[in-house]
Amino acid sequence: MTRHLYVHIPFCPKVCPYCSFYKEASDRNKTQDFLDAVLTELDFRQREQPLQPETIFFGGGTPSALSTGQLEYLLTGLRSRLDLSQLAEWTLEMNPATVSLEKATLLRDLGVTRISMGVQSWDEGLLKVLGRVHNARQAERSYEILREAGIGNVNLDLIFAVPTQTRAQWESSLAKTIALQPDHISAYCLTYEEDTSFYERFAKGEFQPDESWDADLFEMTMDRLSAAGYAQYEISNYARPGRECAHNLAYWTARDYLGLGPSAFSTIGLRRWQNVPDTVTYGARIRSGTGAESSVEQLSETTRRAEHLAFSLRTDRGVRRDDIAAWSDEIAGFEAEGFLEARGEHLVLTRRGRLVADAIGGTFV
Ligand SMILES: C[S@@+](CC[C@H](N)C(=O)[O-])C[C@H]1O[C@@H](n2cnc3c(N)ncnc32)[C@H](O)[C@@H]1O
Ligand code: SF4
């Protein structure tokens, strides 16, 4: 039984220059076909594999780029097809420029329990550097609207190490976020992703990342958020008690998940596939009944276990020492360096270890 469902909505109000998620600018002409294709894909998947979701995550792209009517069509269609008796969390990602009271109220009424909103920064200048479509005042108003609509669980996304960003700007973005009291905060270090315009500027030498600067801002993030009562339960994710994202925890603990929509990944047992990352082709293939998969991978038990270890290590639960006994020499080295520490039968990253988490996780894959 698959218990975690992801739905990819590939539309955005405007494409940001740093982002490599599969998305395109919203296009009215494509939307209805896309909504029907997602529902048809769900019918098809449910015929081959039982699905009873405990978590649903609508990501993107920007799910809130859909109009209120389109969201109603999609969510109602989903509700009528799914057994939601075990559903504990339903997240939907929003961009502040696409929030309205009518939309947020509809989402709440249709069962969405958690909104994840991309704020990125509270600094007007940095929002421009990031090419965002909204300003800081709009983001704050959108946050208030979510609360007015009765959304009880809200995450705000932030990005640090943005070109030109100063320490003081990041400190004040953290303070502003804390003052709003969201339930959850995701704070990502900017990455230069291939096929983005930020990557081109980085490749030309216009942007020059500095690892020690990134580490300094990351340490400030950990200090400020933990002092404000947010537990760092994963490298980039901080939550008030009981507000960890159950859907992401499912990924990090290697649960099976089904992904619908263009570019979405699914992993069920040892089979992993990705849907074609093109909205028109996706729709055409679903309509013709040929299936939307564009790549399939047969995983080995060893790969799946290694991924599980690498993901778990990024969380505050860490990994059982017994599960990584095969790497005892490397582990002893990491402990001696102060990157890993024992917590009962588990090994968890120390504060120093979180700064080099990718390198440590890479040992197991
Ligand atoms: C799908 S978007 C969230 C919702 C909505 N599309 C928005 O941007 O407001 C997921 C998040 O990934 C983060 N992100 C995207 N590209 C990134 C990059 N290159 N480096 C760091 N974080 C990035 C941003 O914080 C963004 O909010
Ligand atoms: S950050 Fe969000 S709004 Fe910007 S392009 Fe990526 S998915 Fe779209």
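**Close-up views of a predicted model**

**View 1. A sheet of three strands, seen around the pair Thr267 and Arg272.** In this predicted model, Thr267 stands opposite Arg272, a residue of strand 13. Strand 12 and strand 13 (residues 271-275) are paired in the antiparallel sense, and four bridges join them. These strands belong to an open sheet of three strands, whose order is 12-13-14 and whose pairing is antiparallel. Strand 12 (265-268) and strand 14 (293-298) are the edge strands of this sheet, and each of them pairs on one side only. From one strand to the next, the twist averages 15°. As a general background to this view, strands of a sheet pair through backbone hydrogen bonds, and the pairing is either parallel or antiparallel.

**View 2. A second open sheet, with the order 15-17-16, and the helix that packs on it.** Three strands make up this open sheet, and their pairing is antiparallel. Strand 15 and strand 16 (340-343) stand at the edges with a single partner strand each, so one side of each has no neighbour in the sheet. Helix 12 (residues 328-337) packs on the sheet, where it touches strand 16 and strand 17, and the direction of helix 12 makes about 100° with that of strand 16. Between strand 15 and strand 17 (residues 346-349) there are two bridges, and the two strands pair in the antiparallel sense. Within this pairing, Val319 has Leu347 of strand 17 as its bridge partner.

**View 3. The second largest pocket and its lining.** What volume does the second largest pocket hold? The space in this pocket comes to about 220 Å³. The lining is made of 14 residues, and those closest to the centre of the pocket are His308, Ser312, Gly318, Val319 and Asp323. Helix 9 (246-252), helix 11 (301-313) and strand 15 (319-320) are the elements that give two or more residues to the lining. Helix 11 supplies four residues, which is the largest share of the lining. Sorted by class, the residues of the lining are four nonpolar, six polar and four charged.

**View 4. The residues around ligand 2.** Which residues surround ligand 2? The ligand is surrounded by Cys12, Cys16, Tyr18, Cys19, Lys23, Gly61, Thr62, Asn95 and Arg132. When the shell around ligand 2 is divided by class, four of its residues are nonpolar, three are polar and two are charged.

Key: Residues are numbered from 1 along each chain as its sequence is written. Chains are lettered from A and ligands numbered from 1 in the order in which they are written. This is a predicted model: local features need pLDDT of at least 70, side-chain atom pairs count only at pLDDT 80 or more; totals for chains, interfaces and linings use all residues. Side-chain values use heavy atoms; hydrogens and water are left out. A residue is near a molecule or strand if one of its heavy atoms lies within 4 Å of it. Ala, Val, Leu, Ile, Met, Phe, Trp, Tyr, Cys and Pro count as nonpolar, Asp, Glu, Lys and Arg as charged, and the others, Gly among them, as polar. On a 1 Å grid over the protein atoms alone, a cavity is a set of points where a 1.4 Å probe fits but cannot get out, and a pocket is an open set with protein on both sides within 12 Å along at least five of seven lines; lining residues have an atom within 4 Å of a point. Grid points are joined across faces, edges and corners, and a volume is the space filled by probe spheres set on the points. Two strands pair if DSSP finds at least two bridges between them. Contact means heavy atoms within 4.5 Å. Axes are lines fitted to C-alpha atoms, for helices over the stretch in contact, and angles run from 0 to 180 degrees between N-to-C directions.
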